[in-house]
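Biologist: I would like a close look at one part of this model. Please take me through it step by step.

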Amino acid sequence: MVSTASRELSQPFDPEYLRGVDLYNRGAFWEAHEAWEGLWRRAQDDLDRRAFYHGLIQCAAACLKRERGDSEASRRLALRGLAHLARIRTGGDAYLGLDVPRFSARFRAYACADAGEYPLLEVAR
């Protein structure tokens, strides 16, 4: 039986997903959120994919809130985003090219600190 994550890697990534990754990695958090929102809305029947996009959207929003000086809102959004990412069943594989547990651990450390750089989305393409 092939895991969901392995099947995802055999298919090309959606260009909007990759555009969102690039925007996020450049610090364009609002724009990344917008790129992923349509994908999240269309993922009605795929709970893992829906949780993945929802998690990324909320992590990007957390970065934006932190950038604007609202640390409390940033932490709340980060925890919600991480909760969504934790629901994804990867079976130890990357999901859409992202090592979700690794990113989540780095994002949690970022969210709990009052300073530091946000973790990049390292997607194997």
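Biologist: Where is Leu96 found? Please go on from there to the helices.

Modeller: Keep in mind that this is a predicted model. Leu96 sits in the loop between H5 and helix H6, which covers residues 100-112. Its backbone deserves a look. Most residues other than glycine have a negative phi. Leu96 has a phi near 50 degrees, a positive value in a residue other than glycine. Its relative accessible area is 4%, so Leu96 is buried; the cut-off for that label is under 20%.

Now go back along the chain to helix H5, residues 71-86, and its partner H4. Two packed helices are described by the angle between their axes and the distance between the axes. For H4 and H5, the axes come within 7 Å and cross at roughly 165 degrees. That angle makes the two helices roughly antiparallel, because the label applies over 145 degrees. The crossing of H4 past H5 is left-handed.

The contact list is long on both sides. H4 brings residues including Ala51, Phe52, His54, Gly55 and Leu56, and also Ala62, Lys65 and Arg66. H5 meets H4 with residues that include Ala73, Ser74, Leu77, Gly81, His84 and Leu85.

Take one residue from each helix. Ser74 belongs to helix H5. At 4% relative accessibility, it counts as buried. Leaving out residues up to four places away in sequence, Ser74 touches Ala62, Lys65 and Arg66. Ala51 is in helix H4. Its relative accessibility is 2%, so Ala51 counts as buried too. With neighbours within four places in sequence set aside, Ala51 is in contact with His84, Leu85, Arg87 and Ile88. The C-alpha atoms of Ala51 and Ala86 are 8.6 Å apart, and 35 residues separate the two along the chain.

H4 has a second role to note. Helix H4 (47-67) and helix H2 (15-25) are among the elements that cover the buried residues of H3. Those buried residues are Phe29, Ala32, His33, Ala35, Trp36, Glu37, Leu39 and Trp40. Trp36 is also the centre of a kink in H3, of about 30 degrees. What of the helix length? H3 has 14 residues, 29-42, so at 1.5 Å a residue it should span 20 Å. Its end C-alpha atoms are 20 Å apart, which agrees.

Definitions and conventions
Residues numbered from 1 in each chain as written. Predicted model: local features only at pLDDT ≥ 70, side-chain atom pairs only at ≥ 80, totals over all residues. Heavy atoms only, no water. Helix = DSSP H or I, 4+ residues; strand = E, 2+ residues; numbered from the N terminus. Expected span 1.5 Å × (residues − 1). Bend = angle between axes of the 7 residues up to and from the residue. Buried < 20%, exposed > 50% of the residue type's maximum accessible area, 1.4 Å probe, protein only. Contact = heavy atoms within 4.5 Å. Axes fitted to C-alpha atoms, helices over the stretch in contact; angles between N-to-C directions. Parallel < 35°, antiparallel > 145°, perpendicular 65-115°, else oblique. Left-handed = near helix turned anticlockwise from the far one by under 90°.
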